[in-house]
Amino acid sequence: MKFSGINLLDELKRSDFGELRSIFSERKAKKGAIVFTPESDEDLVFIVSEGRVRIYLAYGAKEFTLGILEPGDLYSSHAGCFVQAYEDSVILVTGVQSVKRCMAEVPVFNRTMVRVLGKILQNSFSVINGLVFKDINSRLCSYLLKEAQDSGISGEKGIKINLDLTTEQLSLLLGATRQTVSTLLNNMVRDEILIKQGRSSWLIPDLEKLELLSEN
């Protein structure tokens with residue numbers, strides 16, 4: 001599911017937006033590469049063109065993921081966060097001043113930025129709430145529940161979700177170790193809360209049971 005709900009790449013393909021597309025240049029980043037840091041002095045706006053990038057905060061050895069941007073999502077290099085390529089990625093970058101000149105002509109930029117920033121803020125509060133009030137098991141159940149509600153596919157045997165994340169990536173999202181998340185997933189499979197269907201695909205046979213576990 002898209003982070004913002006609006007795909008700017010589709011807008012840039014329109015013939016009447018040709019001039020707007022020309023203000024962006026491409027940057028490529030290998031999987032795991034840090035694209036921007038909180039100390040970056042580049043004042044840029046970027047659109048994810050290919051791959052996915054992670055927005056996160058880091059304090060010492062701890063990392064807290066605020067969101068994962070997908071193709072068509074928009075963000076800024078000077079938002080005080082780390083930006084990391086989750087996989088081999090291509091981003092379209094341009095200066096903030098260039099975008100400001102276009103905002104009046106292309107309102108979709110405003111709407112997308114507001115939605116992305118709003119979602120980042122919502123995720124920030126979720127991270128804080130989870131770390132303060134919930135243990136890792138509840139955070140994992142809450143995350144799986146939200147994925148099921150937002151993008152799950154209902155079937156006769158339950159709701160199927162495709163996280164498209166490795167266990168290590170999922171652990172970073174939840175602020176836990178890979179070993180802990182792996183153990184919890186295995187326990188949920190053993191207790192038939194989850195049924196593994198692929199590398200990152202799961203079937204949730206009883207959503208109400210998962211919801212109860214997320215509240216503990």
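**Helix packing and sheet arrangement in the predicted model**

In this predicted model, the axes of helix α5 (residues 136–151) and helix α6 (residues 167–174) come within 10 Å and cross at roughly 110 degrees, where axes are lines fitted to C-alpha atoms, for helices over the stretch in contact, and angles run from 0 to 180 degrees between N-to-C directions. Helices (H or I, at least four residues) and strands (E, at least two) are DSSP runs, numbered from the N terminus. The helices α5 and α6 are therefore roughly perpendicular to each other, a class that spans 65 to 115 degrees, with angles under 35 degrees counted as roughly parallel, over 145 as roughly antiparallel and the rest as oblique. On α5 the contact (heavy atoms within 4.5 Å) involves I136, R139, L140 and Y143, and on α6 it involves L170, L173 and L174.

An open sheet of 4 strands follows the order β2-β7-β4-β5 with antiparallel pairing, two strands being paired if DSSP finds at least two bridges between them. Strands β2 (34–36) and β5 (62–69) form the edges, each pairing on one side only. Within the sheet, strand β4 (residues 53–59) and strand β7 (residues 82–85) run antiparallel and are joined by 4 bridges.

The mean pLDDT (the predictor's confidence in each residue, from 0 to 100) of the protein chain is 83, and 82% of its residues reach 70 or more.

Residues are numbered from 1 along each chain as its sequence is written. Local features need pLDDT of at least 70 and side-chain atom pairs count only at pLDDT 80 or more, whereas totals for chains, interfaces and linings use all residues, and side-chain values use heavy atoms, with hydrogens and water left out.
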